[in-house]
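Have your viewer open and your selection tool ready. We will go from stop to stop, picking residues and looking at what surrounds them.

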Amino acid sequence: MAEDSAQERTEQATPKRREDARRKGQVPRSRDLNSAAVTLAVGAAMYLLGSQIAGRLSGLMQRGFSLSREQATDLSYLLPALGNAAGEGLRACAPVLAVALLAALLAPMVLGGWNFSRQALAPQFKRLNPLEGIKRMFSVRALVELAKALAKFGIVALVAALVLWNEAPTLMALGREPLTQAIGHALTLAGQALLATTGGLLIIAGFDVPYQLWQHAKQLRMSRQEIREEHKESEGSPEIKSRIRQLQQQIASQRMMQEIPTADVVVTNPTHFAVALRYDEKRMRAPVVVAKGADLIAARIRELAAEHGVPLFEAPPLARALHRSVDIGAEVPSSLYVAVAQVLSYVFQLRVARRAGMPPPPRPVVKVEE
């Protein structure tokens with residue numbers, strides 16, 4: 001069908017589709033935004049902490065080149081010294097590295113948030129298909145990425161050229177400064193250059209972020225048929241739901257039939273309706289309907305009642321009222337108290353009379369306002 005094709009995916013993704021894509025690792029990402037954030041963080045750290053880092057690196061260089069003849073030829077001294085120097089150099093640069101790591105972790109929160117997906121880590125052998133690779137190379141997305149790369153290179157090159165042009169006298173003067181001051185000044189200049197470069201990267205990210213959001217939404221679009229299939233999967237097909245209802249009704253009917261032997265009386269229509277009542281004055285506030293039914297179910301209720309010696313009481317208005325207004329397991333409403341009390345009183349008197357071998361009591365005339 002035409003509406004099922006990829007070209008007809010005009011509907012917005014459902015929440016379930018978005019959640020499934022997120023579990024697969026498909027979230028909007030902008031590498032340009034991440035690059036800009038890391039560059040900005042590193043540039044600011046170098047600009048603010050350049051003098052402190054320069055002091056530690058200067059001392060490290062002085063100690064590294066201040067070796068005696070014996071130390072310079074002693075491998076047992078040089079190897080530990082090299083390790084100590086490397087550790088001290090890393091500790092000196094640790095603030096910048098920590099800021100870069102923090103920026104790399106926080107930047108994705110702006111677009112798509114953090115997301116860890118095991119499915120994304122699984123190998124995808126279809127990516128090894130040369131034809132698919134060629135399609136990706138000549139796709140619209142590849143052209144956009146190429147344009148962004150060229151724009152990024154041009155902007156960064158332009159900013160770098162301007163920085164070098166403006167700071168050329170300062171850079172040339174570094175050779176005449178003391179070592180510690182020169183290192184600190186160089187780090188400060190590098191930080192300024194990175195901050196200037198960040199401005200260009202932010203311009204690119206300003207175009208890339210909306211594009212990535214649009215591209216992600218486009219990839220997740222669905223056809224109307226896909227939405228119907230998803231709804232069917234989540235809600236269940238009508239056939240399965242109908243079958244479940246049938247099974248539930250069967251189970252409820254079986255439980256209801258099991259309660260009939262415990263009833264005190266079955267009120268009948270006499271053929272169309274049958275309602276079984278039970279009353280225990282010590283545990284119940286009012287009589288309870290334990291079973292009810294019409295036509296075939298009513299006939300089965302009467303059969304079970306006869307098999308277990310439960311008396312039948314013919315009262316069509318009361319049977320209709322109970323069947324219509326009272327659910328199984330519910331108490332009889334107050335409007336039917338008098339009529340039900342007449343029936344139960346007669347049944348209890350009949351039970352006593354049978355045990356004593358006495359004639360049955362007179363049958364009451366039950367009246368119900370329908």
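Start by selecting Val 343 and showing its neighbours. Leaving aside residues up to four places away in sequence, Val 343 touches Val 265, Val 267, Phe 313, Leu 318 and Val 366. Keep in mind throughout that this is a predicted model.

Now widen the selection. Val 343 belongs to the largest nonpolar core, a set of 23 residues. Val 343 is also among the residues with the most contacts inside this core, together with Val 267, Leu 277, Leu 318, Leu 322, Leu 336 and Val 340. Which elements should you colour to see where the core comes from? Pick strand S1 (265–268), strand S2 (273–278), helix H12 (316–325) and helix H13 (337–356), each of which supplies at least two core residues. Helix H13 gives the largest share, with seven residues.

Another core lies apart from this one. It has 14 residues, and you can find it by selecting Ala 274, Ile 301, Leu 304 and Val 310, which are among its members. As general background, nonpolar side chains in soluble globular proteins tend to be buried together.

**Next stop: charged pairs**

How many salt bridges does a search of the whole structure find? The count is six, and three of them are on this tour.

Select Glu 259 and Arg 278 first. They form a salt bridge in which the closest N and O atoms are 3.1 Å apart. Glu 259 sits in helix H10 (residues 238–259) and Arg 278 in strand S2, so this pair ties together parts that are 19 residues apart in sequence. Are these two partners buried, partly exposed or exposed? Glu 259 counts as partly exposed because its relative accessibility is 32%, and Arg 278 also counts as partly exposed, at 23%.

Move on to Glu 331 and Arg 285, a salt bridge whose closest N and O atoms are 3.4 Å apart. This pair links distant parts of the chain, 46 residues apart. To see both ends, show the loop between H12 and H13, which holds Glu 331, and the loop between S2 and strand S3 (288–294), which holds Arg 285. Glu 331 is partly exposed, with 32% relative accessibility, whereas Arg 285 reaches 72% and counts as exposed.

For the third pair, select Glu 303 and Arg 300, where the closest N and O atoms of the salt bridge are 3.2 Å apart. Both lie in helix H11 (residues 296–307), three residues apart, so about one helical turn separates them. Glu 303 is partly exposed at 42% relative accessibility, and Arg 300 is partly exposed at 36%.

**Next stop: a nonpolar patch on the surface**

Switch to a surface view and select Leu 101, Leu 102, Leu 105, Leu 106 and Met 109. Together they make a nonpolar surface patch of about 480 Å². Within it, Leu 101 belongs to helix H4 (residues 75–110) and is exposed, with a relative accessible area of 53%.

**Last stop: the annotated spans**

The unreviewed UniProt entry annotates residues 33–54, 96–117, 138–165 and 185–214 as "transmembrane region". Select residues 138–165: this span is 93% helix and 0% strand, with its end C-alpha atoms 38 Å apart. Then select residues 185–214, where the chain is 100% helix and 0% strand and the end C-alpha atoms lie 44 Å apart. Looking back at the patch, Leu 101 falls in the annotated span 96–117.

Key:
Residues numbered from 1 in each chain as written. Predicted model: local features only at pLDDT ≥ 70, side-chain atom pairs only at ≥ 80, totals over all residues. Heavy atoms only, no water. UniProt positions renumbered as here; feature names shortened; annotations may be inferred. Helix = DSSP H or I, 4+ residues; strand = E, 2+ residues; numbered from the N terminus. Core = buried A, V, L, I, M, F, W, Y, C linked by side-chain atoms within 4.5 Å. Buried < 20%, exposed > 50% of the residue type's maximum accessible area, 1.4 Å probe, protein only. Contact = heavy atoms within 4.5 Å. Salt bridge = Lys/Arg side-chain N within 4 Å of Asp/Glu carboxyl O. Patch = residues over 30% accessible without salt bridge, like charges linked within 9 Å, V, L, I, M, F, W, Y side chains within 5 Å. Areas by Shrake-Rupley, 256 points an atom, 1.4 Å probe, with all protein chains shown as cover.
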